[in-house]
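User: I'm new to this one, so please pick one stretch of the chain and give me a close look at it. Feel free to follow it into whatever surrounds it, and keep it informal.

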Amino acid sequence: MTDCIFCKIISGDIPGDIVYQDDDVLAFRDLTPQAPMHVLVIPKKHISTINDIQPEDAALIGKMFLAAQQVAKEEGYTERGYRTVMNCNAEAGQSVFHIHLHVLAGRAMHWPPG
Ligand code: 5GP
Ligand code: ZN
C-alpha cells in the first residue's frame, strides 16, 4: 500500500533498523522505544488491523510470533521474559494501520496495561 509507512520500510523507501527478516515477515526497532528492547514484527503483506486478518493468514500470523521468539532469543530475553502486544484500532492505541507485533523487553512490565 503506497501511503503506508510500514510498507515503505519493507520496500526500503524509508529506513528501518532491521533486526530480522525472511520471505514473509520483517522486524525492526521502534522509533520511540518504550523499553530497552522494543521491536516491531510486521507481515510483508499489508494487513490494516487484526479485524482484517483472514483465515488464509493464519500461518503468517504464526510466523510473526516465531520471529518475535527469534529476536528475543538473539537479544538474550528468552528466559528473562518479554511482552508481545498488538493493538487493534484507535481506542486500543493503534496508530499505524499495518498490523505489527510489539516485542518489548529489558524492564519490569506492569499489568494491567494502560
Ligand atoms: P501502534 O501505536 O500502532 O500500536 O504502534 C505504532 C508504533 O510504530 C509506535 O510504537 C511508533 O513509535 C512506531 N513507529 C511509527 N512510525 C515509525 C517509523 O517510521 N519507524 C519506526 N521504526 N517505528 C515507527
Ligand atoms: Zn502497509
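Analyst: N89 sits in the loop between β4 and β5, and everything here comes from a predicted model. With a relative accessible area of 33%, N89 counts as partly exposed. Its backbone has a quirk too: phi is near 70°, a positive value in a residue other than glycine.

Stay in that loop and you come to H98, since the loop between β4 (83–85) and β5 is its place as well. Is H98 buried or exposed? It is buried, with a relative accessible area of 0%. Setting aside neighbours within four places in sequence, H98 is in contact with C4, F6, C7, I10, I42, P43, K45, H46, I47 and S48.

Three names from that list come back when you look at the zinc ion (ligand 2). Its protein donors are C4 and C7, each through SG, plus H46 and H98, each through ND1, at 2.1 to 2.3 Å from the ion. So what geometry does the site of the zinc ion (ligand 2) have? The angles among its four donor atoms run from 103 to 117°, and the site is tetrahedral. For comparison, the ideal angle for four tetrahedral donors is 109.5 degrees.

Along the sequence, the donor residues follow the spacing C-x2-C-x38-H-x51-H. The site links distant parts of the chain: C4 belongs to the segment before α1 (5–11), while H46 belongs to the loop between β3 and α2, 42 residues apart. C4 is buried as well, with a relative accessible area of 5%. As for the two histidines, H98 and H46 are 52 residues apart in sequence, yet their C-alpha atoms are 5.9 Å apart in space. Their side chains also make a polar contact of 3.2 Å.

Now follow the chain out of the loop and into β5, which spans residues 101–105 and holds H102. What is the relative accessibility of H102? It is 13%, and anything under 20% counts as buried, so H102 is buried. Its side chain makes a polar contact of 2.8 Å with the side chain of H38. Beyond its neighbours within four places in sequence, H102 is in contact with D30, H38, V39, L40, R83, T84, V85 and N87.

H38 and V39 take us to the next strand over. β3 and β5 pair in the antiparallel sense over five bridges, with M37 standing opposite A105 in β5. β3 pairs with β2 too, again antiparallel and over five bridges, and here A27 stands opposite V41 in β3. From there the sheet carries on: strand β1 (residues 18–21) pairs with β2 in the antiparallel sense over three bridges. In that pairing, the bridge partner of Y20 is A27 in β2, and a hairpin of three residues joins β1 to β2.

Why call β3 largely enclosed by the rest of the structure? Because seven of its seven residues are buried. M37, V39, V41 and P43 point one way from the strand, and H38, L40 and I42 point the other way, all of them buried. V39 is a good one to zoom in on: leaving aside neighbours within four places in sequence, it is in contact with V19, A27, F28, R29, D30, V71, L101, H102 and V103.

V39 also turns up in the largest nonpolar core, which has 18 residues. V25, M37, V39, V41, M64 and V103 are the members that touch the most other members. At least two residues of this core come from each of β2 (25–29), β3 (37–43), α2 (58–74) and β5, and α2 gives the most, with seven residues. In soluble globular proteins, nonpolar side chains tend to be buried together. There is a second, separate core of nine residues, and its members include C7, I9, L26 and F28. C7 is one of the zinc donors we met earlier.

One last stop lies further along, in the segment after β5, where you find P112. A cis peptide bond joins W111 and P112, with omega at about 0°.

Key. Residues numbered from 1 in each chain as written. Chains lettered and ligands numbered in written order. Predicted model: local features only at pLDDT ≥ 70, side-chain atom pairs only at ≥ 80, totals over all residues. Heavy atoms only, no water. Helix = DSSP H or I, 4+ residues; strand = E, 2+ residues; numbered from the N terminus. Buried < 20%, exposed > 50% of the residue type's maximum accessible area, 1.4 Å probe, protein only. Polar contact = N/O pair within 3.5 Å; in protein donor to acceptor, adjacent residues only side chain to side chain. Contact = heavy atoms within 4.5 Å. Core = buried A, V, L, I, M, F, W, Y, C linked by side-chain atoms within 4.5 Å. Pairing = 2+ DSSP bridges. Donors = N, O, S within 2.8 Å, 3.2 Å for Na, K, Ca; no water. Tetrahedral: all angles 85-135°; square planar, octahedral: opposite > 155°, others 65-115°.
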